[in-house]
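Here is a quick tour for anyone meeting this structure for the first time. Have a look around, then read on.

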Amino acid sequence: MNSARLSKTKRLSSVAAVAAAGSLVLAACSGGADDGGEPGSGGTVDPDEQISLTVTWWGNDDRAERYEQAIDLFEEEYPNITVQPAFQAWEDYWTARATEAAGQSLPDVLQMDLSYISEFGSRGQLLDLTPYVGGELDMSEMPDSLLASGQIGGEQFGIPQSTNTLALFYNPAIVESLGMEPPSADQTWQEYVDWAAEAADAGASEDPTLYGTGDFTGVLWLFVQHLVQEGQEVFTEDGEIAFSEQDVIDWLNLVQPLREADQMLPAERATQLEPLGGFTANEAATEFSWDNFLAGYLADSGAETIEMLPLPVGSSGDRNQFFKPSMLLSAGANTENPEAAAAFIDFITNDAEVGAIFGTSRGVPATETARSQLDVEGVDAQVIGYEEEWADEITESTPVLPQGFGSIEAEWLRLAEELGYGNITVEEFASQWFSEAEISLG
């Protein structure tokens, strides 16, 4: 570890507001950002020009140490570029970026989340990286469907750094205690619900009662994946909802028989178990979530093993899953050094040694080269193996999320709890959620 650099990182982090204010001066005379163009038409880094790049991310000391090592390698590759790093905790990160964006003083390179890329990108606050793809940005090893998750209106505002995808987790020990076979990898959604009903009947006499599942329809991302699986648009290019209240009702009704027969983990029990969930408290045999949750599930449940299956197939018989980037890298539209920013993003995305430095700490690296020198075992190997095994069925692009997605996701979760307690019907859920979404999405 480069302790001197780490000290600099922490110092810069603590004075981020001051640095942002100083950058306002730079923003005022900014004009270096590329005006757009065809892929590969962007410029290249001038090796004789002394360049300083500001780079920021959210995270902790462990991530900072990994970035520091990666930056050292980058500066060896580009001796004329000096990187000024900074990082903050998630809670403070977006407040600082919003302040900078308002003053056109975003860092040259910033770590980006899918929930915020529309907000910054649609306001012209991020650099369109399209002209650098094929030039300073080599995206030849990244699946098009994953690369598209960083695009808005055909412009590339973020480069995915790592992947996760949804999975059906099951605890083999619980399944065995129920006297059942695990769910099938080729099942339909209805067959999974039927399996869960059978599991609930088998676990009804146990103490505590065992269930096959909780109410997975209360996860908005799973509904989004379901729509994609069925070939339905989720959000329009204008950020409007592209599905109907009936689509929501049909989704919620998928498990209505389980609700009515008390054949899934009750909402009251889920509340009692917090901060654990039914799956991690070993009272539900299965749960849907992102594949990188495996380590947490093992730690919280104490289970010896937890297995992963792909999602049930849709009505067409196809899976149509998508990779969701666990994070992206973007460049501020105000950067005076767009070529250097693109080169930095390329290096962090593709370099094999950088891939080994980060491991799966940011998710599974997005390119084969970055994965090539990983020496992983245990949980990391299982997650990578899952994504590789089912890669042929992860064929769709992650929907571009509208501004306000975080708010409508929170409302979906709140209404799911109300539905679980029996306070509202599925029709009332759909009506109330659409009313809130119209306000949040403007």
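How are α13 and α17 oriented to each other?

## Two helices that meet

Keep in mind that this is a predicted model. Helix α13 covers residues 294-301 and helix α17 covers residues 378-389. Their axes come within 9 Å and cross at roughly 135°. Angles over 145 degrees count as roughly antiparallel and 65 to 115 as roughly perpendicular, with 135° in neither range, so α13 and α17 are oblique to each other.

Who does the touching? On the α13 side, look for L294, A295 and L298. On the α17 side, it's V379, Q382 and V383. Sort the residues of this contact by class and you get 5 nonpolar, 1 polar and no charged.

## A small set of strands

Next, find the open sheet with 3 strands, in the order β11-β7-β13. The pairing is antiparallel. At the edges sit β11 (324-325) and β13 (364-365), each pairing on one side only.

Strand β7 takes in residues 162-164, and 2 bridges join β7 to β11. If you'd like to spot a pair for yourself, go to N164: its bridge partner in β11 is K324. In general, strands of a sheet pair through backbone hydrogen bonds, either parallel or antiparallel.

## The largest cavity

Now for the empty spaces. The count comes to 2 cavities of 30 Å³ or more, and the largest has a volume of about 70 Å³.

Which residues line the largest cavity? They are Q161, S162, I348, T349, V354, G355, F358, G359, R362, G363, P365 and A370. Two elements, α14 (338-350) and α15 (352-358), give two or more residues to this lining. The largest share, 3 residues, comes from α15. By class, the lining is a mix of 5 nonpolar, 6 polar and 1 charged residues.

## The second largest cavity

The second largest cavity holds about 30 Å³ of space. Around it you'll find L220, F223, V224, L227, V234, F235, F243, F405, I408 and W433. Here α9 (220-229) and α18 (405-420) each supply at least two residues of the lining, and the largest share, 4 residues, comes from α9.

What classes of residues make up the lining of the second largest cavity? The split is 10 nonpolar, no polar and no charged residues. Set that beside the largest cavity, where the lining includes 6 polar and 1 charged residues.

Conventions:
Residues numbered from 1 in each chain as written. Predicted model: local features only at pLDDT ≥ 70, side-chain atom pairs only at ≥ 80, totals over all residues. Heavy atoms only, no water. Axes fitted to C-alpha atoms, helices over the stretch in contact; angles between N-to-C directions. Parallel < 35°, antiparallel > 145°, perpendicular 65-115°, else oblique. Contact = heavy atoms within 4.5 Å. Nonpolar A, V, L, I, M, F, W, Y, C, P; charged D, E, K, R; others polar. Pairing = 2+ DSSP bridges. 1 Å grid on protein atoms, 1.4 Å probe; cavity = no way out; pocket = protein on both sides within 12 Å on 5 of 7 lines; lining within 4 Å. Points joined across faces, edges and corners; volume = space filled by probe spheres on them.
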